[in-house]
Amino acid sequence: MKTGPNTLFLFTVMIATLTSGRAAAQNAGSGSGYPGPKDGLTDQEHRGQGLYRRYCVGCHGARGDGNGENAPYLDPKPRDFTQATFKCRSTPTGSLPLDSDLYDTISRGIHASGMPSWNPLTPEQRHELIAYIKTFSPRFREEQPGAPLPIPPEPPTSAESAKRGAELFQSMNCWSCHGKDGRGHGPSAMTLTDSKGYPITPFDLTSGTRFKCGASDRELFRDLMTGLDGTPMPSFADALKPDQIWDLVHYIQTIREGSKSASVENRTERKGN
Amino acid sequence: MKKRYQAIATLLALCLVGLQAARAGSPANDAPTATSARVTGVVKFEGIVPKAIHINMAADPSCARQHPNGAASEDIVADSSGGLENVFVFISDGLGDRAFDPPQKPAVIEQKGCMYEPHVVAMQAHQKLDVVNADSTTHNIHPLPNNNREWNKSQPPGLPIEETFPREEVAIPVKCNVHPWMRSYIAVFKHPYFAVTGKDGSFDLKDLPPGTYTLEAWHEKLGTAIQKVTIGPSETKTVQFVFKGRPGA
Amino acid sequence: MRIGRMGRIAAHALLLGMVAMASRPAHAIPAFARKYGLPCSACHEAWPKLNNFGQTFKDGGYQLNNDRDAPIYQNPSYWPIAMRITPNWHLEGNSRVTTDAVPGDPESGQVQSTINTHGFDLSGIDILTGGTLAKNISFLLVPSIEADTGTVSFESAWVRLDNLLQSPWLNFKFGKFELDVPISEKRILTLSTNGGFYQLYHFLPPGDVTPTSMGDNQLGIELLGHSPDDHTRYALSLLSSTDGELGLPGGRSYDGYIHVSHAFDLPSLGLQRVGAYGYVGQAPTFFLTTGGVPIPGSGRGNRSFYRAGAYVNFYAGSFDFTGIYQHASDNAFLANAQAADQTLPNGAQSPVWNTGTIEAHYTYSPQLVFIGRYELVRISRQALATTPGDFGNLDAVTVGYRYYPFMHSRAGLAWHQEVSSVRSKLTSDTGQDQRSTSVFMGFDFAF
């Protein structure tokens, strides 16, 4: 095998590529972004801008206002970053999210929406995107995010806890949107809009699918504490004690699981017919 | 010798004060003074007042119980002589960049009979807002601002909620998503020169510094009307705004 | 003898070229961009090359996994169809072509000429339909209209059961599909006659008749799995030994393919991937005959061949670099086109060769990409011991760029310019090196 000089050549090309690539590594990762004028952005924001234009602009729009070229075809509508209002947060209602909240949303995606999981982007790229997204609203310069609401350890699930949760589901008027059976057909359901005036449907708690901001009990607890800003879902942080919120969580989980076994029964029934 | 310097200094100081006084005509540098300049007036509705929409509260019996005779929407409320209620009247321009401390006394919005009481609230930026739930049902109070932060809180009976809005905004729609018929507006001003018209459509803006102002009236359904007004010290001017109903309304 | 052999080589080279033109890239599907509202650049580093987001989407069964993948969520007017074609101008030059001194008179003696030709042309049309039939059931169907004959062939046609047992590690594909190769020939960024394919997948030593080309779509089944972040991937394929041709295999045999890779993130550089693969196959060397005519499907004397390689795919910011080393060998009967029930000529042996492929991209922006490739093939053991050691060795260089004037979710357009040149050692009839050159420019579009 007479590849001596060629092996050398190969090696040289490899080293040259890597070195020059490292020097020019303005957009690290698998999927480089657009170069562009810096316009007062930091290096990180600038890289984020390049990536934003590669990945996000189709829905969220060049100005970050949620009016990308595909926004008219999407339901729910893409987030308007200029409002700095975010559903999935660990911070109290009305306050800005932590970077880690935005990172979780980008990584997880928003279930049952057009927003996919951006896990395939490197962590660095996701942080760059967050840095850039925050430049769309002056609030991120003027305000600090609120302190994350604490999530105390989950008490054991019990029938009593779920029963208390069912009572709270009644007394806190959860049913007026989510329906007495949790199917999202409450009396107010048809009237709901998000904060930009687009119709929005309450979550069908029986669907058994993932919640928008994560599927775990802790995430559900957090959603009840923070509310989903920009939607009709309020915060219960002032209204309920942590134990009561856990009761609600336990009740909601029984609705979900009950529906799972019920739908299995339905299927069997249909087969029998 | 020393005395002469003092005299010159005094003279200079006097000149400065004089300059200051001379410039007082332009309100930009005028500290809020307790002059009694005043703009009063009335907001009229011309045309046929649209019939209030009946609200069906059957979805929440605890609400329905409080309105044995049925409830009606408060979109356009005018008295027999056309006095239009629930209009924000305020100075939208002419105060320059004066800063005003918010009043100590909080503004209050009450949820009563599954309606907002008062129907609209005017307040100053950074002023406290007390949200009261006087009902026996759980509400959620959900302001939908453009210029302030949006928040949304569940409020069971009796729980006090205290909030504030840091930026001027006319006007922030407020919803209770649980009870979709509930709708209010909160107007936030960076100065204290605002009023909400009463049942007879009257308003009264007191203690204004003399100057030329743009006076604005804002109604949730009828929109905005603007007038210019110039008032001297201790002067009182009367202004009338007229909103016309839509033809056939 | 020598000339006959050279004629075969020339014919083979021609065939190779035709295959390369016919099997031009297929997979770039604006139908997906339309479905999800994402710009092309979200999934394509530079269309049609995928980035990690696009690769994860593909590996997930054409699903973003946000519960909006199944057709039930689509507007009924949405039709998952896209087409791709490339109107182009190209030049082909071949050196040291044996030419009759007087055209039409084979007795007039032979000279060596350089033949250049150029003109306007079209690629074939690929009609791409793909997506999900239901949640976790995906499909791809690519009828392709050949540029030269206008006949329709089935480039791809498969169904895949995704995320079996709710695990990304188990996905089962059935049909005709592209193997999970280290660098996709269907997503190649070069399109010319000489540069539009990888020597890596298609090279055979002169005279070798083994019917295999890993880069082409194959018929069979595939088990593919990956970690949730798609960093670790494996693919196992069982294929009919037909090299993707429809119909049953001549020799009732199957080929196997395996590919394993792992990627890791290097901060400030990007995702780096290393992997290894192997392909083992069999092909018949003769057929039963009736009246001297081969009976289809009666292939006998199966002999084997293999390809094995390892590769790296490095990212360094806007640069990415792929290096592939492959070791290959064919059985002596296949390599000498000899039926296995006959005796091999003297000195016949199994040829062994190695290929090195280096491809680098500089993605200035999602709308402009520069491409450079160098491939070398070195035969370490010739099919006949008497053949000169470096006979048939190749060096192929391709450079080009693609410029995408706009970047939307509805359609894709690229202005493409490319130059490619291949030198083959000692392959002219006079025993000298030959060079084959392509210049290509055109509009590559899909909608």
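This is a short selection-by-selection tour of a predicted model, going from chain C to chain B and then to chain A.

Two housekeeping notes before you click. Residues count from 1 along each chain as its sequence is written, while chains are lettered from A, and ligands numbered from 1, in the order in which they are written. Because the model is predicted, local features need pLDDT of at least 70 and side-chain atom pairs count only at pLDDT 80 or more, whereas totals for chains, interfaces and linings use all residues.

**Stop 1: all of chain C**

Select chain C and colour by secondary structure. You should find six helices and 22 strands; helices (H or I, at least four residues) and strands (E, at least two) are DSSP runs, numbered from the N terminus. The C-alpha trace spans about 70 × 45 × 45 Å along its principal axes. Why call the radius of gyration of chain C in line with a compact globule? With 447 residues, such a globule would have a radius near 22 Å, and chain C has 22 Å, so the two agree. That radius is taken over C-alpha atoms, and the globule rule is 2.2 Å times the number of residues to the power 0.38.

Of these 447 residues, 51% count as buried. Buried here is a neighbour count: 20 or more other C-beta atoms within 10 Å of the residue's own, with 12 or fewer meaning exposed, anything in between partly exposed, and C-beta atoms placed from the backbone. As for contacts (C-beta atoms, placed from the backbone, within 7 Å), residues 24 or more positions apart account for 62% of those in chain C with a separation of 6 or more.

**Stop 2: three strands in chain C**

Now select C 81-85, 125-134 and 137-145. Strand E3 (81-85) pairs with strand E6 (125-134) in the antiparallel sense over four bridges; strands count as paired if DSSP finds at least two bridges between them. Label C:Ile81 and look across to its bridge partner in E6(C), C:Thr129.

E6(C) also pairs with strand E7 (137-145), again antiparallel, this time over seven bridges. C:Gly131 stands opposite C:Phe139 of E7(C). Which residue of this hairpin takes a positive phi? Zoom in on C:Asn136: its phi is near 65°, in a hairpin with two residues between the strands.

**Stop 3: the sheets of chain B**

Switch to chain B, which has two helices and 18 strands. Of its 249 residues, 35% count as buried. Among its contacts between residues at least 6 apart in sequence, 65% join residues at least 24 apart.

Start with the open, antiparallel sheet of four strands ordered E14-E4-E16-E17. Strands E14 (194-196) and E17 (223-231) of chain B stand at the edges with a single partner strand each, so one side of each is left without a neighbour in the sheet. Neighbouring strands of this sheet are turned by 30° against each other on average, direction ignored; the axes behind such angles are lines fitted to C-alpha atoms, for helices over the stretch in contact, and angles run from 0 to 180 degrees between N-to-C directions. Inside the sheet, select E4 (88-93) and E16 (211-219) of chain B, which pair antiparallel over five bridges, with B:Ile91 opposite B:Leu215.

Next comes an open sheet of five strands with mixed pairing, in the order E7-E13-E12-E9-E10 (chain B). Its edge strands are E7 (120-124) and E10 of chain B, each pairing on one side only. The average turn between neighbouring strands of this sheet is 25°, direction ignored. For a parallel pair, pick E7(B) and E13 (183-189) of chain B, joined by five bridges; B:Ala122 has B:Ala187 as its bridge partner.

**Stop 4: where chain B meets chain A**

Show both chains: 20 residues of chain B are in contact with 22 residues of chain A. On the chain B side, strands E9 (139-143) and E10 (153-155) each supply at least two residues. Which element gives the largest share? It is E10(B), with three residues.

**Stop 5: helices of chain A**

Finally, select A 43-55 and A 123-133. The axes of H2(A) and H5(A) come within 7 Å and cross at roughly 100°, and the helices are therefore roughly perpendicular, the label for 65 to 115 degrees (under 35 is roughly parallel, over 145 roughly antiparallel, the rest oblique). Residues making the contact include A:Leu51 and A:Tyr52 of H2(A) and A:Leu129 and A:Tyr132 of H5(A).

Then add H4 (99-108) of chain A, whose buried residues are A:Asp101, A:Leu102, A:Thr105, A:Ile106 and A:Arg108. What covers them includes H5 of chain A. Just after H4(A), A:Gly109 takes a positive phi of about 75°.

Key:
Two residues are in contact if their C-beta atoms, placed from the backbone, lie within 7 Å.
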